[in-house]
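Thank you all for making the time this morning. I would like to walk you through one structure, and I will go slowly for those who have not seen it before.

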Amino acid sequence: KTGEHIPITGVYFIPRLTINIVSLGQLDEGGCDVHARHGLLRIRDEQDRLIVRVRRSSNRLYLLRVKLARPLCLAAHAFDSAWLWHERFGHLNFDALRKLEQRGMVEGLPSVEHVHQLCADCVTTKLKRSPFPSQAKRRAEGLLDLVHGDLCGPITPATPGGKAYFLLLVDDRSRYMWVALLAAKSDTLAAVKKFQAKVEVETGRRLRVLRTDNGGEFTSIEFDTYCAERGVERQHTAPYTPQQNGVVERRNQTVVTMARSLLKSRNLPAFFWGEAVATAVYLLNRAPTKAVDGMTPYEAWHGRRPDVHYLRTVGCVAYIKATKPHLKKLDDRGTPVVFIGYEPGAKAWRFYDPASRRVIVSRDAVFDEPTPWTWEDENHGADRELIIEYHSMDLGSTQIDASPAPGSPTPPSPAVPATPP
């Protein structure tokens, strides 16, 4: 009656079958409540919402008349505000988008109406079997009182810079996240050192407890010695019990699913997974979470609401100002590139130029968000390390805030003079 679309997964395609058969046992296994009495069948979902109510027919079958819906292509709705911001926020669910706008948790986000149709990219990239356990009963009282850490990888293919892992760190109090791309597990300690130095200076507080699993990168003698010398208490999960570090495990899952959505929605090559993970962390820090009431992790950490008016759709075509010297009068002033994310520590966007195979950081850009880049070669640029160029970094009054990830490699270009607001 509401027009909401409900997906049914794990189905078989049988061309000669003239009717669709739904297994009640499979619905029960999937968490639905199936109840039949006095010739009336009722099926409720996991939220106890009534989704099916049908009477038994004369041949002892329950005939359900439904309309099969095709998931809507986002390209056809690119100019619709709800779909556009759904893509800009890395395929964040519509309830979370409405919560951001209605509660004034961010600035620059217009009113977003709830959309009941399915997003094909969300269905294929975020489908999961069962939820993680409920949140812990105890929470840290202050920032850096407890930080959760987890290493994910190896991921193939590696990024053009040779990174195959990412380290995710989550502050228990604010749920703010940091990510570092690593080439090997042995780089974990160096990333933690940079993270600790940064956050302790930023907050004026000391890191008290670091909780991780029992991976070798977290249990080495060198790692334990470093933590002991700096008074950082170590907590480890029991073997084969990731649920004891559920905060970072859940956030890790959310980061990876959003990164998959970013890559798939605009057909970005797989070697861009590092950019997608960094962008996912950037967006999720500005998205609502049940663990922090009435504000985003960004506000809980920084003490101010984030501005999101500058968000754009990852993977779309953009045009940046050409900065080559000695341009002729009739030469093009704009270069077509692909938007791939947000530059950490600068008020600027990150773009990839397929022609020169370079990553360009610039604040002078015009976006064609409905149009994705047409990739002729999925491995375009994967066989070489990307070079970062900085264009037009005198940013003036442009309001783009970014928080640098710990362990980010230092680019070979001069330092960026701009700082986040």
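**Salt bridges, cores and one helix**

Let me begin with Arg 205, which counts as partly exposed at 35% relative accessibility, and please keep in mind throughout that this is a predicted model. The side chain of Arg 205 meets that of Asp 145 in a salt bridge, with 3.1 Å from N to O. Arg 205 sits in the loop between α5 and β7, while Asp 145 belongs to the loop between α4 and β4, so the pair ties together parts that are 60 residues apart in sequence. Asp 145, for its part, is buried, with a relative accessible area of 13%.

That is one case from a search of the whole structure, which finds 14 salt bridges. Another joins the side chains of Arg 103 and Asp 293, at 3.5 Å from N to O. Here Arg 103 comes from the loop between α3 and α4 and Asp 293 from the loop between α9 and α10, so this pair ties together parts that are 190 residues apart in sequence. Arg 103 is partly exposed, at 48%, and Asp 293 counts as exposed, at 64% relative accessibility.

Since we have mentioned α3, which of the residues in this helix, 94–102, are buried? They are Phe 94, Ala 96, Leu 97 and Leu 100, and because they cover an arc of only 160 degrees around the axis, they lie on the same side of α3. These buried residues pack against α2, residues 81–88, whereas Asp 95 and Gln 102, on the other side of α3, are exposed. At the start of the helix, a side-chain oxygen of Asn 93 reaches to within 3.2 Å of the backbone nitrogen of Asp 95, and just after α3, Gly 104 takes a positive phi of about 65 degrees.

Turning to the interior, the largest nonpolar core has 58 residues, of which Phe 89, Leu 168 and Leu 311 touch the most other members. Helix α9, residues 273–284, gives the most to this core, with eight residues. There is also a second, separate core of 26 residues, which includes Leu 143, Val 192, Phe 218 and Val 232.

Finally, let us look at a hairpin. Strands β11 and β12 run antiparallel and are joined by five bridges, with Ser 362 in β12 as the bridge partner of Trp 349. Four residues lie between the two strands, and in this hairpin Arg 357 takes a positive phi near 55 degrees. Strand β12 is mostly covered, in that four of its five residues are buried.

Terms used. Residues numbered from 1 in each chain as written. Predicted model: local features only at pLDDT ≥ 70, side-chain atom pairs only at ≥ 80, totals over all residues. Heavy atoms only, no water. Buried < 20%, exposed > 50% of the residue type's maximum accessible area, 1.4 Å probe, protein only. Arc of directions from axis to C-beta. Contact = heavy atoms within 4.5 Å. Polar contact = N/O pair within 3.5 Å; in protein donor to acceptor, adjacent residues only side chain to side chain. Pairing = 2+ DSSP bridges. Core = buried A, V, L, I, M, F, W, Y, C linked by side-chain atoms within 4.5 Å. Salt bridge = Lys/Arg side-chain N within 4 Å of Asp/Glu carboxyl O.
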